[in-house]
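Work through the following exercises with the sequence and the model side by side. Try each task before you read its solution.

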Amino acid sequence: MSSTKSFVSLSSAVNGDAASANVVPGEIHLIVGPMFAGKSTALLRRVKTESTNGRTVAMIKSSKDTRYAKDSVVTHDGVRFPCWALPDLSSFQEKFGFDAYDKLDVIGIDEAQFFDDLYDFCCKAAEKDGKTIVIAGLDGDYLRRSFGSVLDVIPLADTVTKLTARCEMCGKRAFFTLRKVGETQTELIGGAESYMPVCRQHYVNGQAVIGAVLETSHIKKDITVPEVLEETCVS
Ligand SMILES: [Zn+2]
């Protein structure tokens with residue numbers, strides 16, 4: 001029967017008999033969590049370990065994020081690692097150099113939520129080119145909506161790690177990022193002056209306070225509300 005025949009040819013292809021299957025596939029590891037959860041630190045640690053083990057590594061971050069340094073990944077605690085600041089991932093191979101890319105074992109991607117071509121890049125780099133990809137990014141934005149393409153790569157990933165921060169209001173585990181200023185664009189790039197990690201309770205309280213402030217104020221920009229949050233949220 002034809003179904004048996006197609007099973008046989010599929011299984012031989014899966015076993016690697018097909019001529020195109022000559023590259024050993026790589027791996028994809030995803031690190032997510034709110035801001036200040038140590039995602040970049042975990043990414044750097046992983047990439048440095050790979051480098052110490054004799055593998056060739058490269059780091060990529062978005063050229064949108066210029067908070068700390070243009071060609072370094074810098075964690076909130078000041079650890080720095082050289083990297084490629086790019087507008088998209090598809091330009092990496094050409095900018096890095098095709099020969100250098102062939103010799104590369106591990107690619108770290110920081111602030112992955114800013115790369116729209118994350119899924120296609122990871123598929124190709126891991127499965128066609130045999131690279132190990134380690135990705136760090138925000139899973140959700142300040143409204144807890146899926147951010148960029150980060151969640152899209154979960155079905156591709158070998159491992160997914162969700163890190164947590166400490167709630168700035170109560171010190172419990174923080175899963176979410178609260179925006180402290182009344183600016184509604186999704187990609188407002190900032191640090192501790194604009195965002196804070198919060199637990200579920202203080203996320204809900206904080207959103208309510210910010211909503212009330214925005215409603216009573218006709219100024220929609222640059223409203224900082226940490227004082228209001230402190231009065232309202234600290235028990
Ligand atoms: Zn809290």
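A residue is called buried if 20 or more other C-beta atoms lie within 10 Å of its own, exposed if 12 or fewer do, and partly exposed in between, with C-beta atoms placed from the backbone. The model is predicted, so local features need a pLDDT of at least 70 and side-chain atom pairs count only at pLDDT 80 or more, while totals for chains, interfaces and linings use all residues. Residues are numbered from 1 along each chain as its sequence is written.

**Exercise 1. Find the buried and the exposed residues of helix α6, and state where they lie around the helix.**

Step 1. Helices (H or I, at least four residues) and strands (E, at least two) are DSSP runs numbered from the N terminus, and α6 covers residues 200-216.

Step 2. The buried residues of α6 are H202, Y203, G206 and I210. They sit on the same side of α6, because they cover an arc of only 100° around the axis, where the arc is that of the directions from the helix axis to the C-beta atoms.

Step 3. On the other side of α6 are the exposed residues A208, G211, E215 and T216.

Step 4. A general rule helps here: an α-helix has 3.6 residues a turn, so residues three or four places apart point the same way.

**Exercise 2. Work out the strand order of the open sheet of six strands, and say which strands stand at its edges.**

Step 1. Two strands pair if DSSP finds at least two bridges between them. Following the pairs gives the order β5-β2-β6-β7-β1-β8, with parallel pairing.

Step 2. The edges are held by β5 (84-86) and β8 (159-162), each of which has a single partner strand, so one side of each is left without a neighbour in the sheet.

Step 3. Neighbouring strands of this sheet are turned by 20° against each other on average, direction ignored; axes are lines fitted to C-alpha atoms, for helices over the stretch in contact, and angles run from 0 to 180 degrees between N-to-C directions.

Step 4. As a closer example, β2 (residues 57-62) and β6 (residues 106-110) run parallel and are joined by five bridges, and I60 has I109 as its bridge partner in β6.

**Exercise 3. Explain how helix α5 is placed against the sheet, and then follow A125 as one of its residues.**

Step 1. In α5 (residues 118-128), the buried residues are L118, F121, C122, A125 and A126. They line one face of the helix, because they fall within an arc of 105° when seen down its axis.

Step 2. These buried residues pack against β1, β6 and β7, where a contact means that two C-beta atoms, placed from the backbone, lie within 7 Å.

Step 3. A125 itself has 22 other C-beta atoms within 10 Å and is therefore buried. Leaving out residues up to four places away in sequence, A125 touches G26, I107, K131 and I133. The C-alpha atoms of A125 and I28 are 9.4 Å apart, although 97 residues separate the two along the chain.

**Exercise 4. Identify the residues with the most contacts inside the largest nonpolar core.**

Step 1. A nonpolar core is a set of buried Ala, Val, Leu, Ile, Met, Phe, Trp, Tyr and Cys residues joined through C-beta atoms within 7 Å.

Step 2. The largest such core has 51 residues, and those with the most contacts inside it are I60, I107, C122, I133, I135 and V198.

Step 3. The largest share of this core, five residues, comes from α5.

Methods: The expected span of a helix is 1.5 Å times one less than its number of residues.
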